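Let's take a friendly walk through this structure, beginning with the sheet and ending with a few side chains. Have the viewer open as you read.

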Amino acid sequence: MSTGKRKRYWLMKSEPEDFSIEDLERVGTEPWTGVRNYQARNFMRDGMQVGDGILFYHSNCEVPGIYGIAEVASAAYPDPTQFERKSKYFDAKATLEEPRWMLVDVGFVRRFGAPVTLAAIRDRADALGEEFALIRKGTRLSVLPVTAAQWKILLAMEPK
C-alpha cells in the first residue's frame, strides 16, 4: 500500500440467502449495497481503505459465523440503490448532489472449509475482549471494526 496507512480489519455481515461467500467467490467483486445504518455507513465512508481485510460473516441463518475472507476493493462511493425508486433501499431524501449512503466494493479472497461459528466465537469472548462488537449485547451493525489482534485470533479459529 503506497498510502503508508496501516491495514485495517472489518467484519461484514450478509444473510446468505441475499448474498453469500459463495456468491462473492463466483462474481469476484461486488458493491456492498443496501447499508442503511449511519454508523456502518461511516465505517465504509471514513474508515475503510483499499486492501483492508474483511471477515465475511453469514447472519440470520442456521449456522451463523465467519465463512471466509474478503478485502476492500474500492474507495467509498455513493450507493446507487438509494436513487432507484424500485429498490427496497431507495431513499427519497438522497440526491445525486448530496447522497446519504455510501458503499465500498468487496473482493473475494478465500472461503473457509468450515465456518468459525458464532458459538465458537462466543467461547473465545475473553480473548477477543469486551470491545469486540459482534458478541456485545445490543450490537446489530452489519459492518464492524476488528482489531489486528482480534483478526489473528479469529483466523486461528478456522477449523482445519
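## The sheet

In this predicted model, 6 strands make up an open sheet, arranged in the order 2-7-4-3-1-8 with mixed pairing. The edge positions go to strand 2 and strand 8 (143–146), and each of these has a single partner strand, so one side of each has no neighbour in the sheet. From one strand to the next, the twist averages 35°.

Strands of a sheet can pair in parallel or antiparallel fashion, through backbone hydrogen bonds. Here, strand 1 and strand 3 run parallel and are joined by 6 bridges. One bridge to follow on screen is that of Met12, whose partner in strand 3 is Phe56. Helix 2 lies across strand 1 and strand 8, and its direction is at about 55° to strand 8.

## Strand 4 and its two neighbours

How many bridges join strand 3 to strand 4? There are 6, and the two strands run antiparallel. They form a hairpin with 6 residues between them. In the turn, Asn60 has a positive phi of about 55°, a backbone angle you can check in your own viewer.

On the other side of the pairing list, strand 4 is joined to strand 7 (residues 105–117) by 7 bridges, again with the strands running antiparallel. Glu71 of strand 4 is a handy landmark for both pairings: Gly53 stands opposite Glu71, and in strand 7 the bridge partner of Glu71 is Gly107.

Is strand 4 (residues 65–72) largely enclosed or largely open? Of its 8 residues, 7 are buried, so the rest of the structure largely encloses this strand.

## A cluster of rings

A pair of aromatic rings is described by two values, the distance of the centres and the angle of the planes. The structure holds 6 aromatic pairs. One of them joins Phe19 and Trp32, with 6.5 Å from centre to centre and 90° between the planes, an edge-to-face arrangement. This pair links distant parts of the chain: Phe19 sits in the loop between strand 1 (9–14) and helix 1 (21–27), while Trp32 sits in the loop between strand 2 (29–31) and helix 2 (38–47), 13 residues apart. Phe19 has a relative accessible area of 15%, so this residue is buried. Trp32, at 7% relative accessibility, counts as buried too.

Trp32 also pairs with Phe56: the ring centres are 5.6 Å apart and the planes stand at 85°, so this pair is edge-to-face. Because Trp32 lies in the loop between strand 2 and helix 2 and Phe56 in strand 3 (residues 53–58), the pair ties together parts that are 24 residues apart in sequence. Both Trp32 and Phe56 are buried. Through these ring pairs, Phe19, Trp32 and Phe56 are linked into a cluster. Phe56 is thus a residue to look at twice, as it is also the strand 3 bridge partner of Met12.

## Two more side chains

What lies over the face of Trp101? Arg41 does, at 5.9 Å from the ring centre.

Finally, look at Ser87, in the loop between strand 5 (77–78) and strand 6 (102–103). Is Ser87 buried or exposed? With 18% relative accessibility, Ser87 counts as buried, because the cut-off is under 20%. A polar atom of the Ser87 side chain lies 2.9 Å from the backbone nitrogen of Tyr89.

Methods
Residues are numbered from 1 along each chain as its sequence is written. This is a predicted model: local features need pLDDT of at least 70, side-chain atom pairs count only at pLDDT 80 or more; totals for chains, interfaces and linings use all residues. Side-chain values use heavy atoms; hydrogens and water are left out. Helices (H or I, at least four residues) and strands (E, at least two) are DSSP runs, numbered from the N terminus. Buried means under 20% relative accessible area, exposed over 50%, partly exposed in between (1.4 Å probe, protein chains only). A polar contact is a pair of N or O atoms within 3.5 Å; within protein, one must be able to donate a hydrogen and the other to accept it, and residues adjacent in sequence count only if both atoms are side-chain atoms. Rings of Phe, Tyr and Trp (its six-membered ring) pair if their centres lie within 6.5 Å; planes under 30 degrees apart count as stacked, over 60 as edge-to-face and the rest as tilted. A charge sits over a ring if NZ of Lys or CZ of Arg is within 6 Å of the ring centre and within 35 degrees of the ring normal. Two strands pair if DSSP finds at least two bridges between them. Axes are lines fitted to C-alpha atoms, for helices over the stretch in contact, and angles run from 0 to 180 degrees between N-to-C directions. Contact means heavy atoms within 4.5 Å.
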